[in-house]
Amino acid sequence: MEAINDVHVSEPGLVVVDIAAADDETAFTFHTALAAQWATTSVERTSRDPGQPGVRLRCYLDLRQPLGPPGHPDSP
């Protein structure tokens with residue numbers, strides 16, 4: 001994976017999440033769960049490290065932007 005860029009963690013509430021999972025489906029399911037709660041980057045593919053089991057996926061979250069259901073106190 002690429003190095004974390006300073007801009008991705010330049011302010012409180014910005015998070016870089018590296019996901020390691022057994023397979024693509026598991027990694028994307030976990031990303032979907034994160035995206036249901038907070039503003040997150042979209043992801044299109046996982047990566048594999050040669051000779052290592054499983055897959056990896058990186059996404060970026062903004063915890064300052066909760067995505068609760070409409071009318072929920074945490075909704076924007």
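**Exercise 1. The nonpolar core**

Task: Find which residues form the largest nonpolar core, and which elements give two or more residues to it.

Solution:
- Start with the ground rules. This is a predicted model: local features need pLDDT of at least 70, side-chain atom pairs count only at pLDDT 80 or more, and totals for chains, interfaces and linings use all residues. Residues are numbered from 1 along each chain as its sequence is written, and side-chain values use heavy atoms, with hydrogens and water left out.
- Apply the criterion. A nonpolar core is a set of buried Ala, Val, Leu, Ile, Met, Phe, Trp, Tyr and Cys residues joined through side-chain atoms within 4.5 Å. Buried means under 20% relative accessible area, exposed over 50%, and partly exposed in between (1.4 Å probe, protein chains only).
- List the members. The largest core has 10 residues: Val17, Ile19, Ala21, Ala27, Leu34, Val43, Val55, Leu57, Cys59 and Leu61.
- Assign them to elements. Strand S1 (14–21), helix H1 (24–37) and S3 each give two or more residues to this core. S3 supplies the largest share, 4 residues.
- Set this in context. In soluble globular proteins, nonpolar side chains tend to be buried together.

**Exercise 2. The fold**

Task: Work out the order of the strands in the sheet, and where H1 packs.

Solution:
- Count the elements. The chain has 1 helix and 3 strands (DSSP runs numbered from the N terminus: helices are H or I, at least four residues; strands are E, at least two).
- Read along the sequence. The pattern is β-α-β-β.
- Order the strands. The open sheet of 3 strands runs S1-S3-S2, with antiparallel pairing. Two strands pair if DSSP finds at least two bridges between them.
- Find the edges. S1 and strand S2 (38–40) each pair on one side only.
- Check one pairing. S2 and S3 run antiparallel and are joined by 3 bridges. Trp38 has Pro66 as its bridge partner in S3.
- Place the helix. H1 packs on the sheet and touches S1, S2 and S3. Its direction makes about 5° with that of S3. Axes here are lines fitted to C-alpha atoms, for helices over the stretch in contact, and angles run from 0 to 180 degrees between N-to-C directions.

**Exercise 3. Asp62**

Task: Decide whether Asp62 is buried or exposed, then name its side-chain polar partner.

Solution:
- Locate Asp62. It lies in strand S3 (residues 55–66).
- Check its burial. Asp62 has a relative accessible area of 10%, so it is buried.
- Find the partner. The side chains of Asp62 and Arg64 share a polar contact of 2.8 Å. A polar contact is a pair of N or O atoms within 3.5 Å; within protein, one must be able to donate a hydrogen and the other to accept it, and residues adjacent in sequence count only if both atoms are side-chain atoms.
- Add the neighbours. Leaving out residues up to four places away in sequence, Asp62 touches Gly13, Leu14, Trp38 and Ala39. Contact means heavy atoms within 4.5 Å.

**Exercise 4. Two loop residues**

Task: Classify Thr46 and Asp49 as buried, partly exposed or exposed.

Solution:
- Locate them. Thr46 lies in the loop between S2 and S3, and Asp49 lies in the loop between S2 and S3.
- Take Thr46. Its relative accessible area is 15%, so Thr46 is buried. A polar contact of 2.5 Å joins its side chain to that of Asp24.
- Take Asp49. Its relative accessible area is 31%, so Asp49 is partly exposed. The side chains of Asp49 and Arg56 make a polar contact of 3.0 Å.
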